[in-house]
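Welcome! Have the sequence and the 3D view ready, and try each exercise before reading its solution.

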Amino acid sequence: MSGEPEVHEEFEARLKAYEGLPAAATGVGHDPVNLPMIRHWCEAMGDTSPAYTGPDAIAPPTMLQAWTMAGLTRRPERTAAYDELLALLDASGHDAVVATDCEQEYLRPLRPGDEITFDSVIESVSGRKTTKLGAGYFVTTRTEVRAGGEPAGIHRFRILKYAPAHRPSVPAERRPRPVVNRDNAGFWEGVARHELLIQRCTACDTLRFPWLPGCNTCGSPEWDTVGASGEGTVYSYVVMHHPPFPAFDPPYAVGLIELAEGVRIVSNVVGVPYDEVRIGMPVRLEFRRYDDELVLPVFQGVTS
């Protein structure tokens, strides 16, 4: 559809009519709650809580959605009503989508062996909102998760279906700008000085990265910083081939770098061929200037 997306009251009333209709009916988790998935989650998140290991292990509560996910296949339990709602938004010009946030409520711990079932409902469709991405509608679904038939949790998931705003063209070689806000401004100020600063809780001395307004360990809002030594290893990595992005020249390696201090940071692995990057490879911090405004931390691969 060309031109401005449809925004009149009749159209929004049609959207509102979908509120309360099912989005997914009688879904069944692909796998029961199990220790291998819990272990992989904890390793990826760096969560070493003893509650998630051993014979009395429970699943991390934030894994609630993981047990309902369908993988790369289309969800067989997704309803025609939800498909119709998305198709209506697509046809009106709101054909781009981005996930915006989620909320979870935990009603009971999940334990290995629990069989998961769930149902979802279209909880709300907002009025038309204007965002930096473009004007559109927020669609919220509420999923009620059960374990062995008993209520276990509620997961609300919100997406924005929007018509992309016109953006002025930028030179193809211009590197995307990082998002700087009040919580991470100090980090980027350090990068400009060629320092990689890690937050440190002044109450319990826990180091954290990325920067956050409070400590994940003790909850204290008080913190200072320590400078990273610059030494680290490749904890995990991917090689980007497609799609191509302006200012990037695929293929290139993006690594999850474990710093000597114990925290992890995502950045480019440079100085070695992309196909020679390996888990456990030593790396060393350096700072690269991409234009008059932008300096970024990257990691030079160290080969023997």
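**Exercise 1.** How many Å apart are the mean positions of the positive and negative charges of the chain?

*Solution.* Start with the ground rules. This is a predicted model in which local features need pLDDT of at least 70 and side-chain atom pairs count only at pLDDT 80 or more, while totals for chains, interfaces and linings use all residues. Residues are numbered from 1 along each chain as its sequence is written, and side-chain values use heavy atoms, leaving out hydrogens and water.

Next, decide what counts: Lys and Arg are positive, Asp and Glu are negative, and His and the chain ends are not counted. Each charge is placed at NZ of Lys, CZ of Arg, CG of Asp or CD of Glu. The chain has 29 positive and 41 negative charges, and their mean positions are 2 Å apart.

**Exercise 2.** Find which residues touch the most other members of the largest nonpolar core.

*Solution.* A nonpolar core is a set of buried Ala, Val, Leu, Ile, Met, Phe, Trp, Tyr and Cys residues joined through side-chain atoms within 4.5 Å. Buried means under 20% relative accessible area, exposed over 50%, and partly exposed in between, with a 1.4 Å probe and protein chains only. Of the 304 residues, 35% are buried.

The largest core has 23 residues, and L196, V234, I257, L259, I265, V269 and F299 touch the most other members. Among the elements giving two or more residues to this core are α4 (185-192), β11 (252-259) and β14 (295-301).

Now pick L259. Leaving aside residues up to four places away in sequence, L259 is in contact (heavy atoms within 4.5 Å) with L196, I198, A228, E231, G232, I265 and F299.

**Exercise 3.** Explain why β14 is largely enclosed, and find its partners.

*Solution.* Helices (H or I, at least four residues) and strands (E, at least two) are DSSP runs numbered from the N terminus. Because 6 of the 7 residues of β14 are buried, the rest of the structure largely encloses this strand.

For the partners, two strands pair if DSSP finds at least two bridges between them. β12 runs parallel to β14, joined by 2 bridges, and V269 stands opposite F299 in β14. β13 pairs with β14 in the antiparallel sense over 7 bridges; E286 has V298 of β14 as its bridge partner. With 5 residues between them, β13 and β14 form a hairpin.

**Exercise 4.** Which strands are at the edges of the open sheet β8-β7-β9?

*Solution.* Trace the order β8-β7-β9, an antiparallel sheet of 3 strands. The edge strands are β8 (207-208) and β9 (223-227), each pairing on one side only. Finally, β7 and β9 share 5 bridges, and C201 has W223 in β9 as its bridge partner.
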